[in-house]
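Let's take a walk through this structure together, one region at a time. Have a look at the sequence and the model first, and then read on.

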Amino acid sequence: MRPASCGITPEGWPTIGITALTALVFACLGWPVPAVLALALCWFAFHFFRDPERVVPTAPGLAVSPADGLTGDERTCISIFMNVFSVHVNRSPVTGVVEQIRYWPGKFVNAAYDKAATDNERCGYLLRGEDGAAWTMVQIAGLIARRIVCRVSEGDALERGQRYGMIRFGSRVDLYLPEGYVPSVNIGEQVFAGQSTLATRN
């Protein structure tokens, strides 16, 4: 499993480097407006690809949010909608083993639409928790997102709150709860990956 760097997710460094170099070149050429625009893009890249440390709850029988964002419909599936200002690094909701990973190529319609769960590019993970419960996490690319990043392989063990991937530039993560767990969030609530409790065992 490829570890993440501290503070900035590894996938962000190429974008940060290119925008920073572009700003420097424009500045050396004496072009202030393009230099400032490139610098602004560099700042945005730093902001988008940030990967802060989180305080992961340790109480038994709960699952944390796999993503930053606003919760959607409260059903057996809890959807978390990320915008361009959210942290886009995704984290494991529980401690367990990745039993299966499946990738589907697809479209890039608005992630808020129901059909995004079946039509969009997405990557699904089957995670077997310590209590034997089966958790399904699905990264769904959105209207702007064009790359889903998977950092784990089948058979990898994950700790609750551990990073397993990310999605670039706006997206959604669906978490399907196993039997015996109930949502502990409300529709429209802001949640934070690896820190906010999303579901508890009843």
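Before we start, a word on names: helices here are DSSP runs of H or I with at least four residues, and they are numbered from the N terminus. Keep in mind, too, that this is a predicted model.

With that in hand, find helix α1, which covers residues 13-28 and holds Val25. Val25 is partly exposed, as its relative accessible area is 40%. It belongs to a nonpolar patch on the surface, made together with Leu21, Leu24, Leu29 and Trp31, and this patch measures about 500 Å².

Next comes helix α2, residues 32-48, where you'll find Phe48. Is Phe48 buried or exposed? With a relative accessible area of 0%, Phe48 is buried. Now look for Val89: it is 41 residues away from Phe48 along the chain, yet the C-alpha atoms of the two are separated by 9.7 Å.

What about the inside? The largest nonpolar core has 28 residues, and the ones that touch the most other members are Tyr125, Leu127, Trp135, Val152, Tyr164, Leu177 and Leu198. Several strands feed this core with at least two residues each, including β5 (77-82), β7 (96-104), β8 (122-129) and β16 (197-201). Another core lies apart from it, with eight residues, and Phe48 turns up again there, along with Ile16, Cys42 and Phe49 among others.

One strand that supplies the largest core is β9 (134-141), and it's a good place to linger. Why call β9 largely enclosed by the rest of the structure? Because six of its eight residues are buried, and buried here means under 20% relative accessible area. On one hand, β9 pairs with β8 in the antiparallel sense, over seven bridges. As one landmark in that pairing, Arg122 stands opposite Ile140 of β9. The two strands make a hairpin with four residues between them, and in the turn Gly132 has a positive phi of about 90°. On the other hand, β9 also pairs with β13, again antiparallel, this time over six bridges. Ile140 shows up here as well, with Arg172 in β13 as its bridge partner. Arg172 also has a salt bridge with Asp174, at 2.9 Å from N to O, and both of these residues are buried.

Now for two open sheets. The first to visit has three strands in the order β6-β12-β10, paired antiparallel. Its edges are β6 (89-91) and β10 (148-150); each has a single partner strand, so one side of each is left without a neighbour in the sheet. On average, neighbouring strands in this sheet are turned by 25° against each other, direction ignored. Zooming in, β10 and β12 (residues 163-167) are joined antiparallel by three bridges, and Val149 sits opposite Met166 of β12.

The other open sheet has three strands too, in the order β3-β16-β14 and with antiparallel pairing. Here β3 (62-64) and β14 (181-183) are the edge strands, each pairing on one side only. Neighbouring strands are turned by 25° on average in this sheet, again with direction ignored. Between β14 and β16 there are three bridges, and these strands run antiparallel. Tyr181 has Arg201 in β16 as its bridge partner.

Last stop: the charged pairs. How many salt bridges does a search of the whole structure find? There are eight. One of them links Arg163 with Asp51, whose closest N and O atoms are 2.6 Å apart. Arg163 is in strand β12 while Asp51 is in strand β2 (residues 50-51), so the pair ties together parts that are 112 residues apart in sequence. Both ends are out of the way: Arg163 is buried at a relative accessible area of 16%, and Asp51 is buried at 1%.

Arg163 has a second link to follow, a salt bridge with Glu53 at 3.2 Å, N to O. Glu53 lies in the loop between β2 and β3, so this pair ties together parts that are 110 residues apart in sequence. Glu53, at 54% relative accessibility, counts as exposed. Through shared partners, salt bridges join Asp51, Glu53, Arg91 and Arg163 into one network.

Notes:
Residues are numbered from 1 along each chain as its sequence is written. This is a predicted model: local features need pLDDT of at least 70, side-chain atom pairs count only at pLDDT 80 or more; totals for chains, interfaces and linings use all residues. Side-chain values use heavy atoms; hydrogens and water are left out. Two strands pair if DSSP finds at least two bridges between them. Axes are lines fitted to C-alpha atoms, for helices over the stretch in contact, and angles run from 0 to 180 degrees between N-to-C directions. Patches are made of residues with over 30% relative accessible area and no salt bridge: like charges are joined within 9 Å, nonpolar side chains (Val, Leu, Ile, Met, Phe, Trp, Tyr) within 5 Å. Accessible areas come from the Shrake-Rupley method with a 1.4 Å probe; for residues, only the protein chains shown count as cover. A salt bridge is a side-chain nitrogen of Lys or Arg within 4 Å of a carboxyl oxygen of Asp or Glu. Buried means under 20% relative accessible area, exposed over 50%, partly exposed in between (1.4 Å probe, protein chains only). A nonpolar core is a set of buried Ala, Val, Leu, Ile, Met, Phe, Trp, Tyr and Cys residues joined through side-chain atoms within 4.5 Å.
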